[in-house]
Each structure stands twice: as C-alpha cells, then as structure tokens.
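Here are a few friendly notes to read alongside the model. Take the points one at a time, and keep the 3D view open as you go.

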Amino acid sequence: MSKKKVKEMEEMAAQANMSQMGLIWHRFKKNKLAVIGLIALCVLILVCFTSPIYLNYEKVITQDLLNAYKSPSRDHILGTDMYGRDLLARMLYGGIYSLGSGLIVVAAALVLGVLFGSIAGYFGGKIDTIIMRFIDIFMAIPALLMTMTLVVVFGQSIYSLWLAMIITQFPGLARVVRASIMTIRDSEYVDAARIYGAPVGKILIKHILPNGIGPVVVSATMMLGSVILTIAGLGFLGIGIASPTPEWGTILSEVKDYIRYYPYLGIIPGVAIGISVLCINFVGDGIRDALDPRTKK
C-alpha cells in the first residue's frame, strides 16, 4: 500500500473521530488563503479595537495646522492630513467605526433574518406569504438607494446609519434562512421531535437551525464585506458617518481634493478598506468550503 493511500486512510480515521465543529475547522484549515485572511482580520480588529487604550481620542480630532501635510515619518508613521491630525490615529479609530459598524449591522440583520425566515419557513401557508411579501417590499427597492433615503429621513448619525443598513440587509438573510429551513422541516428527526411533543421553539433552535445554519453563516460573512464597503461609500458621499468622526470612507471624502499632491492621504484608507474586505471574502470562501457537504471525503 502506497504512503499516499495510508495517509488518506489515517486522515479519514481522524475525521471520523472529530466533532462536527472540529471537522469544520479541519476543513477550514486546508484553505490557506482563508487562514491568512482570518489571522489578518483578527489582528486588524485587535489593533483597532484596543487603540483607545494607547491613543487619546483628542489626538484624532484636534487640529494642528503647523504640522499639516507631514509625510510619513518617525513622529507620524502614516503622516498627517490637511488639518495636522495624525493619520495613523485616525485610521485606527476609523477601524472601530468601519469594522464595528459592519459587525453590528450584520449581527442585527442576522438576528432579524433568522427570526422572520424561521417563522416563514417552518409554518408556511399564510404566515409564509405575509412575511415574504413584507420582505419583497424591501427587496424591490435598491439597497443603496433605500439606505441613503432612510439616512436622510432619520438624520445623519451613526445610529440612523446602522438602522438603515439593518433594514436593507436583513431581507436577504431572511430568504436564505427560509430556504434552508424548508429543506429540513419535513425531515424524519424533525417529525420525531414533533411526535415527542417538543415545542416549536425548541424544534427550531435545537433541531432545525443547527443543521441548516451553514448557508446562513456563509451569506452573513460575505455580507460583512459588502456592508463595510457600503458604509465607506456613504461616508465618501458625505451622507454616512459625519466628520470629524474618523470612519475610513469619511477620511477618504475629506482628503479627496488633496490626493493628487499628497497621494498617501488616499492610498492608506483605500488600502485599509481593500484589505479588510479581501480578508473577509477569503474567510467567507473558507467557511463555504468547510460547510460544503461535497468536501466530506
């Protein structure tokens, strides 16, 4: 027997002894880009979210015109902007708003999507029709247009931006949850739970959602990158998080008139947005491959 065959048999035996989560992690680790993306994303989140510990917020918003347009140097690692504010400090705090807003929006949209999608998918009938027509109303309007409209209606603030983004994002997740549950709700183990007398909530939480959550997790992960891009885009257009709050899109909007003469002002926040979204997409691809039943070998 060849060494390759022996190695494959050993790997199959090891997988047979793993728990479900262990098996998913084992498959995920095989995707090198996903692992690199996860590590880079975790480092970025850690550095940004711990920045208030070692950086004073006053350094982020206080103007120092005598030090304006300083190129990257030892004193200012990423340079300063047109108001003399340290760009590194603004980028780190900006990560809190950009990444944090994305995580909050996706988490809230996931909760609403699971709630509405579970009810519609499990009960079906008139309840399904009412909920899905309600969802269709939101999905009939382009998400970016609706977000911009809601931000204007609610007033320009970070909370109105979160609310607008949640309203526009949860319908897509609700459809994914509904489709996933409809493929499982008539399974034998679900029928057995009904016969046993288990309440609907327990059936959904304990039996259906754990077995159908895979596509939902993948959709939510991929949505995170899209939400971060949308938040940055709205900030760049001037209808997102308002200046001087340091959000990456808002930083780009502030410096857009000076990029020709001081390219680093635009390159740095642009690279931060690009790397964040790229890492999230890598992680999403890895999760999708790890949850794909066709990879079970």
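1. Which residues make a nonpolar surface patch of about 500 Å²? Before you look for them, please keep in mind that this is a predicted model. The patch is made by Ile39, Val43, Val47, Ile53 and Tyr54.

2. Now place that patch on the helices. Both α3 (residues 32–49) and α4 (residues 51–54) supply at least two residues each. The largest share belongs to α3, with 3 residues. Val47 sits in helix α3 and has a relative accessible area of 34%, so Val47 counts as partly exposed, a class that lies between the 20% limit for buried and the 50% limit for exposed.

3. Next, step back to the whole chain. The protein chain has 14 helices and 0 strands, so if you follow the chain from the N terminus, you meet α elements from start to end. Along the principal axes, the C-alpha atoms fill a box of roughly 75 × 60 × 30 Å.

4. How much of the chain is buried? Of the 297 residues in the protein chain, 42% are buried. The chain exposes about 16,000 Å², and carbon and sulfur atoms supply 67% of that area.

5. Contacts tell you how the chain meets itself. Among the contacts in the protein chain with a separation of 6 or more, 69% join residues 24 or more positions apart.

6. A helix to look at closely is α13, residues 248–255. Why is α13 described as largely enclosed by the rest of the structure? The reason is that 8 of its 8 residues are buried. They are Trp248, Gly249, Thr250, Ile251, Leu252, Ser253, Glu254 and Val255. What covers these buried residues of α13 includes α3, α6 (87–123), α12 (214–237) and α14 (264–291). You have already met α3 as a source of patch residues.

7. One loop residue deserves a visit too. Tyr69 lies in the loop between α5 (58–61) and α6. Its phi is near 60°, a positive value in a residue other than glycine. Is Tyr69 buried or partly exposed? With a relative accessible area of 25%, Tyr69 is partly exposed, because buried would require a value under 20%.

8. Last, consider charge. The protein chain carries 27 positive and 19 negative charges, and the mean positions of these two groups are 7 Å apart.

Note on methods: Residues are numbered from 1 along each chain as its sequence is written. This is a predicted model: local features need pLDDT of at least 70, side-chain atom pairs count only at pLDDT 80 or more; totals for chains, interfaces and linings use all residues. Side-chain values use heavy atoms; hydrogens and water are left out. Helices (H or I, at least four residues) and strands (E, at least two) are DSSP runs, numbered from the N terminus. Buried means under 20% relative accessible area, exposed over 50%, partly exposed in between (1.4 Å probe, protein chains only). Contact means heavy atoms within 4.5 Å. Accessible areas come from the Shrake-Rupley method with a 1.4 Å probe; for residues, only the protein chains shown count as cover. Lys and Arg count as positive and Asp and Glu as negative; His and the chain ends are not counted. The place of a charge is taken as NZ of Lys, CZ of Arg, CG of Asp or CD of Glu. Patches are made of residues with over 30% relative accessible area and no salt bridge: like charges are joined within 9 Å, nonpolar side chains (Val, Leu, Ile, Met, Phe, Trp, Tyr) within 5 Å. A salt bridge is a side-chain nitrogen of Lys or Arg within 4 Å of a carboxyl oxygen of Asp or Glu.
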